[in-house]
Amino acid sequence: MRKASTIKIGKKLQTIRKSNGFTQEQLAEQIGVSVRYVSDVEQDRAKPSYEVLIKICNIFKISLNQVFSEYLTVTENKSLAYPLAGYEKLAEADKKTIEHLIMYFNKK
């Protein structure tokens with residue numbers, strides 16, 4: 001576990017935002033902050049408040065554990081496959097294709 005003073009979540013938040021198809025402008029509008037603030041958070045030049053973090057988690061339907069996973073010693077729900085974060089937005093046919101692929105690869 002890293003020291004608390006070295007916690008940096010900007011890149012992770014950026015990955016989450018992009019994987020959900022949001023621009024910085026769209027996220028800023030949704031959480032009620034400036035685009036500059038979102039940019040500063042993603043570049044680890046600013047630390048988001050609890051309120052902002054909770055809004056981000058609610059928008060993207062993730063937990064705080066997923067944001068801070070690399071800093072936590074708890075192993076359950078430790079990480080999220082961010083490329084799959086937009087799964088819920090997919091058409092049903094695409095979801096079925098992904099499910100079939102996962103079953104196929106799990107059999108190997």
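Okay, let's start with a question: leaving aside its neighbours within four places in sequence, which residues is Leu 27 in contact with? Hold that one for a minute while I set the scene.

What we have here is a predicted model. The protein chain has six helices and zero strands, so to speak an α-α-α-α-α-α run when you read from the N terminus on. There are 108 residues in the protein chain, and 31% of them count as buried. If you take the contacts with a separation of 6 or more, 57% of them are between residues 24 or more positions apart.

Right, back to Leu 27. Beyond those sequence neighbours, Leu 27 is in contact with Arg 17, Phe 22, Val 38, Ile 56, Ile 59 and Phe 60. And Leu 27 is a good way into the largest nonpolar core. That core has 17 residues, and the ones that touch the most other members are Leu 13, Leu 27, Ile 56, Phe 60 and Val 67. Where do they come from? The elements giving two or more residues to this core are helix H1, at 10–19, helix H2, at 24–31, helix H3, at 35–42, and helix H4, at 50–60. H4 gives the most, with five residues. As general background, nonpolar side chains in soluble globular proteins tend to be buried together.

Next up, the cavities. How many are there of 30 Å³ or more? The count comes to two. The largest cavity has a volume of about 60 Å³. Have a look at what lines it: Leu 13, Arg 17, Leu 27, Tyr 37, Val 38, Val 41, Glu 42, Val 52, Ile 56 and Phe 60. You've heard some of those names already: Leu 13, Leu 27, Ile 56 and Phe 60 were on the core list. By class, the lining has eight nonpolar residues, no polar ones and two charged ones. H1, H3 and H4 each supply at least two residues of that lining, and H3 gives the most, with four.

So let's stay with H3 for a bit. Its buried residues are Val 38, Ser 39, Asp 40, Val 41 and Glu 42, and the buried residues of H3 pack against H1 and H2. One link to H1 is easy to find on the screen. Gln 14 lies in helix H1, and its side chain makes a polar contact with the side chain of Glu 42, at 3.5 Å. Is Gln 14 buried or exposed? Its relative accessibility is 15%, so Gln 14 counts as buried. Setting aside neighbours within four places in sequence, Gln 14 is in contact with Glu 42 and Gln 43.

Just past H3 we get to Asp 44, and here's something to look out for. Most residues other than glycine have a negative phi. Asp 44, which follows H3, has a positive phi, near 60 degrees. Asp 44 sits in the loop between H3 and H4, and at 32% relative accessibility it counts as partly exposed.

There's another residue of this kind further along. Lys 61 is not a glycine, yet it has a positive phi of about 55 degrees. You'll find Lys 61 in the loop between H4 and H5. Why does Lys 61 count as exposed? Because its relative accessible area is 73%, and the cut-off for exposed is over 50%.

Now for a pairing from distant parts of the sequence. Tyr 71 is in the loop between helix H5, at 64–67, and helix H6, at 92–107. With 4% relative accessibility, Tyr 71 counts as buried. Tyr 71 and Lys 8 are 63 residues apart along the chain, and their C-alpha atoms are separated by 9.4 Å. What brings the two up together in this talk is a polar atom of the Tyr 71 side chain, which lies 2.8 Å from the backbone nitrogen of Lys 8.

Last stop, helix H6, where we find Lys 95. Is this lysine, Lys 95, buried or exposed? At 10% relative accessibility, Lys 95 counts as buried. Apart from neighbours within four places in sequence, Lys 95 is in contact with Tyr 87, Glu 88 and Leu 90.

That's the tour. Thanks, everyone!

Terms used. Residues are numbered from 1 along each chain as its sequence is written. This is a predicted model: local features need pLDDT of at least 70, side-chain atom pairs count only at pLDDT 80 or more; totals for chains, interfaces and linings use all residues. Side-chain values use heavy atoms; hydrogens and water are left out. A nonpolar core is a set of buried Ala, Val, Leu, Ile, Met, Phe, Trp, Tyr and Cys residues joined through side-chain atoms within 4.5 Å. Buried means under 20% relative accessible area, exposed over 50%, partly exposed in between (1.4 Å probe, protein chains only). Contact means heavy atoms within 4.5 Å. A polar contact is a pair of N or O atoms within 3.5 Å; within protein, one must be able to donate a hydrogen and the other to accept it, and residues adjacent in sequence count only if both atoms are side-chain atoms. On a 1 Å grid over the protein atoms alone, a cavity is a set of points where a 1.4 Å probe fits but cannot get out, and a pocket is an open set with protein on both sides within 12 Å along at least five of seven lines; lining residues have an atom within 4 Å of a point. Grid points are joined across faces, edges and corners, and a volume is the space filled by probe spheres set on the points. Ala, Val, Leu, Ile, Met, Phe, Trp, Tyr, Cys and Pro count as nonpolar, Asp, Glu, Lys and Arg as charged, and the others, Gly among them, as polar.
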